[in-house]
Amino acid sequence: MQAIGDVINKIVKKRKLGNFKELKAEIVTEPKIAAFLSKHKGELNDKIINNSLPNLYEFYVQQRQANKIMTGYAPELFLSNDVIAVRYRPTAAKLSAERKESNKQHLRLIDLPERLHEVQLSQVDVAPGRTEALAAIKRFLDLYQNGRKPHQRGIYLTGDFGVGKTYLLAGLANQVAAMNQEVVFLHVPTFIAGLTSHFQDNSLQAEIKRVADCDLLILDDIGAESLSQWSRDDVLGVILQARMDNILPTFFSSNLDLEKLEAHFAETKNAIDPVKAARLMQRIRFLAREIVVSGPNRRKI
Ligand code: ADP
Ligand code: MG
């Protein structure tokens with residue numbers, strides 16, 4: 001084995017860094033290294049420090065240079081068996097990026113803008129018209145956390161266009177996705193309008209099942225869709241029935257209150273059917289309770 005001093009001297013020569021003593025002095029005064037040495041003063045002596053110089057040098061280079069060994073990891077010194085060693089830990093930025101990626105994988109947005117992935121409940125300002133909705137969502141999350149109460153009744157948020165219903169539900173969706181639960185957030189009018197293209201298709205049945213079986217389902221803007229008997233009974237009706245049978249949390253947003261939604265469901269493209277509408281409403285009332293969100297139209301701002 002070569003003497004440590006020789007190794008360092010070679011590095012010094014190769015990199016034209018001046019002499020060994022000067023380099024050592026520079027290494028041990030690098031602020032993070034100096035802090036480490038001072039913190040572990042009681043456990044260290046000259047021999048340990050000299051034996052550790054190659055590692056300290058590695059750390060020193062990593063501190064000073066942009067050519068990190070691995071981006072997303074930061075070096076850290078630690079004392080192990082009488083030698084100071086270097087280990088690499090993921091940086092906060094990397095951990096946060098990973099968390100974001102994991103959230104993305106757990107939250108499926110169907111016919112909704114990607115930017116909803118970014119909405120955090122903590123960023124939602126507590127304006128008077130939304131305190132009840134926010135409190136109810138937080139209560140839901142408290143009970144839902146750590147799988148404590150996975151089968152809870154959801155919320156039907158109703159209120160005018162632009163008051164922030166979709167935004168609030170995006171905050172909920174991201175929080176549940178962060179718990180590694182499968183969330184589907186679906187824009188009902190666009191989803192229903194797109195169905196005709198694969199009418200009776202097997203892939204449609206599979207898609208309906210995926211939507212119906214997820215841990216948390218959010219049906220956005222229900223009531224704004226143009227329904228046929230088929231899309232009402234064989235798509236929406238089937239999804240809601242499955243949610244009810246399995247008591248899976250389901251949230252809604254709508255410009256219509258529940259009473260108006262019933263009238264909307266009664267009228268399809270070529271028939272009026274209050275009985276079918278009432279059946280659908282029973283499922284929605286079972287799945288969620290109505291909360292009104294009010295306030296200014298934020299889309300104008
Ligand atoms: P709704 O679904 O009730 O029609 P949205 O949730 O789409 O309303 O909100 C309307 C607009 O206001 C959106 O552009 C949204 O990003 C913005 N918005 C809503 N709530 C907030 C909030 N608390 N903070 C910042 N922007 C918000
Ligand atoms: Mg909306």
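Arg 232 pairs up with Asp 233 in a salt bridge whose closest N and O atoms sit 2.8 Å apart. This comes from a predicted model, and the pair is a handy place to start looking around it. Both partners are tucked away: Arg 232 is buried, and Asp 233 is buried too. For Asp 233, the relative accessibility comes to 19%, which counts as buried because the cut-off is under 20%.

Asp 233 has another partner as well, since Lys 276 also forms a salt bridge with Asp 233, here with 3.8 Å between the closest N and O atoms. Lys 276 belongs to helix 13 (residues 274-287) while Asp 233 belongs to helix 11 (residues 229-245), so this pair links parts of the chain that are 43 residues apart in sequence. Unlike the buried Asp 233, Lys 276 is partly exposed, at 29% relative accessibility.

These contacts don't stand alone. Arg 232, Asp 233, Asp 273 and Lys 276 are all joined into one network by salt bridges that share partners. Asp 273 sits in the loop between strand 9 (271-272) and helix 13, and with a relative accessibility of 17% it is buried. Leaving aside residues up to four places away in sequence, Asp 273 touches Arg 232 and Ala 266. Across the whole structure, the salt bridges number 14.

Another of these salt bridges turns up elsewhere in the chain, between Arg 130 and Asp 125, with the closest N and O atoms 3.3 Å apart. The two ends differ in how much they show: Arg 130 is buried, at just 3% relative accessible area, whereas Asp 125 is partly exposed, at 39%.

That pair leads straight to the ligand. Ligand 1 is surrounded by 13 residues, and Asp 125 and Arg 130 are among the closest, along with Gly 162, Thr 166 and Arg 299. So the residues of the Arg 130 and Asp 125 salt bridge also show up in the ligand's surroundings, going by the 4 Å limit for being near a molecule.

The protein backbone also comes up against oxygen atoms of ligand 1. A backbone N or O atom of Tyr 167 lies 2.8 Å from a ligand oxygen. For Gly 164, a polar backbone atom is 3.0 Å from an oxygen atom of the ligand, and for Val 163 a backbone N or O atom is found 3.3 Å from one. As for overall cover, ligand 1 would expose 550 Å² if taken alone, and the protein buries 78% of that area.

Technical notes: Residues are numbered from 1 along each chain as its sequence is written. Chains are lettered from A and ligands numbered from 1 in the order in which they are written. This is a predicted model: local features need pLDDT of at least 70, side-chain atom pairs count only at pLDDT 80 or more; totals for chains, interfaces and linings use all residues. Side-chain values use heavy atoms; hydrogens and water are left out. A salt bridge is a side-chain nitrogen of Lys or Arg within 4 Å of a carboxyl oxygen of Asp or Glu. Buried means under 20% relative accessible area, exposed over 50%, partly exposed in between (1.4 Å probe, protein chains only). Helices (H or I, at least four residues) and strands (E, at least two) are DSSP runs, numbered from the N terminus. Contact means heavy atoms within 4.5 Å. A polar contact is a pair of N or O atoms within 3.5 Å; within protein, one must be able to donate a hydrogen and the other to accept it, and residues adjacent in sequence count only if both atoms are side-chain atoms. Accessible areas come from the Shrake-Rupley method with a 1.4 Å probe; for residues, only the protein chains shown count as cover.
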